[in-house]
Amino acid sequence: IICPDGVYLGGFLLLFLLGITVGANKDVMDNLGTIGYEAVLITLAAVSGSIFCAWCVYRFFFSSSDRK
């Protein structure tokens with residue numbers, strides 16, 4: 001493992017700098033409500049699609065044929 005503490009510290013630093021950059025952008029802050037709704041919609045669609053695909057893979061590849 002290559003210095004996991006440094007990786008965590010680097011990740012937190014990048015997230016902090018991203019937050020500062022986004023917070024300083026007036027266009028983003030003015031449209032935060034609209035952006036938030038779109039983000040929630042995209043997230044729900046992605047999670048629903050992932051669950052559906054995982055169910056399909058389980059059903060077709062891992063489900064035993066005698067449990068119908």
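**Tour of a three-helix chain**

Begin with the cysteines: select C53 and C56, whose sulfur atoms lie 6.3 Å apart, too far for a bond, and for C53 the closest cysteine sulfur is the one in C56. The model you are looking at is predicted.

Keep C56 selected and look back the other way: the closest cysteine sulfur to that of C56 is in C53, again at 6.3 Å. A disulfide needs the two sulfur atoms within 2.5 Å, and the structure holds zero disulfides.

Now show the surface around this pair. C53 is partly exposed, at a relative accessible area of 48%. C56, by contrast, is buried, with a relative accessible area of 18%, because the cut-off for buried is under 20%.

Zoom out and colour by secondary structure. The chain has three helices and zero strands; read from the N terminus, the order of elements is α-α-α.

Next, select helix 1, which covers residues 4–24. Y8 is found in this helix. Is Y8 buried or exposed? With a relative accessibility of 56%, Y8 counts as exposed.

Extend the selection from Y8 to F12, L15, L18 and V22. Together with Y8, these residues make a nonpolar surface patch of about 560 Å².

Finally, show the surface of the whole chain. About 6400 Å² is exposed, and carbon and sulfur atoms supply 73% of that area. Of the 68 residues, 1% count as buried; C56, visited earlier, is buried.

Methods:
Residues are numbered from 1 along each chain as its sequence is written. This is a predicted model: local features need pLDDT of at least 70, side-chain atom pairs count only at pLDDT 80 or more; totals for chains, interfaces and linings use all residues. Side-chain values use heavy atoms; hydrogens and water are left out. Buried means under 20% relative accessible area, exposed over 50%, partly exposed in between (1.4 Å probe, protein chains only). Patches are made of residues with over 30% relative accessible area and no salt bridge: like charges are joined within 9 Å, nonpolar side chains (Val, Leu, Ile, Met, Phe, Trp, Tyr) within 5 Å. Accessible areas come from the Shrake-Rupley method with a 1.4 Å probe; for residues, only the protein chains shown count as cover. A salt bridge is a side-chain nitrogen of Lys or Arg within 4 Å of a carboxyl oxygen of Asp or Glu. Helices (H or I, at least four residues) and strands (E, at least two) are DSSP runs, numbered from the N terminus.
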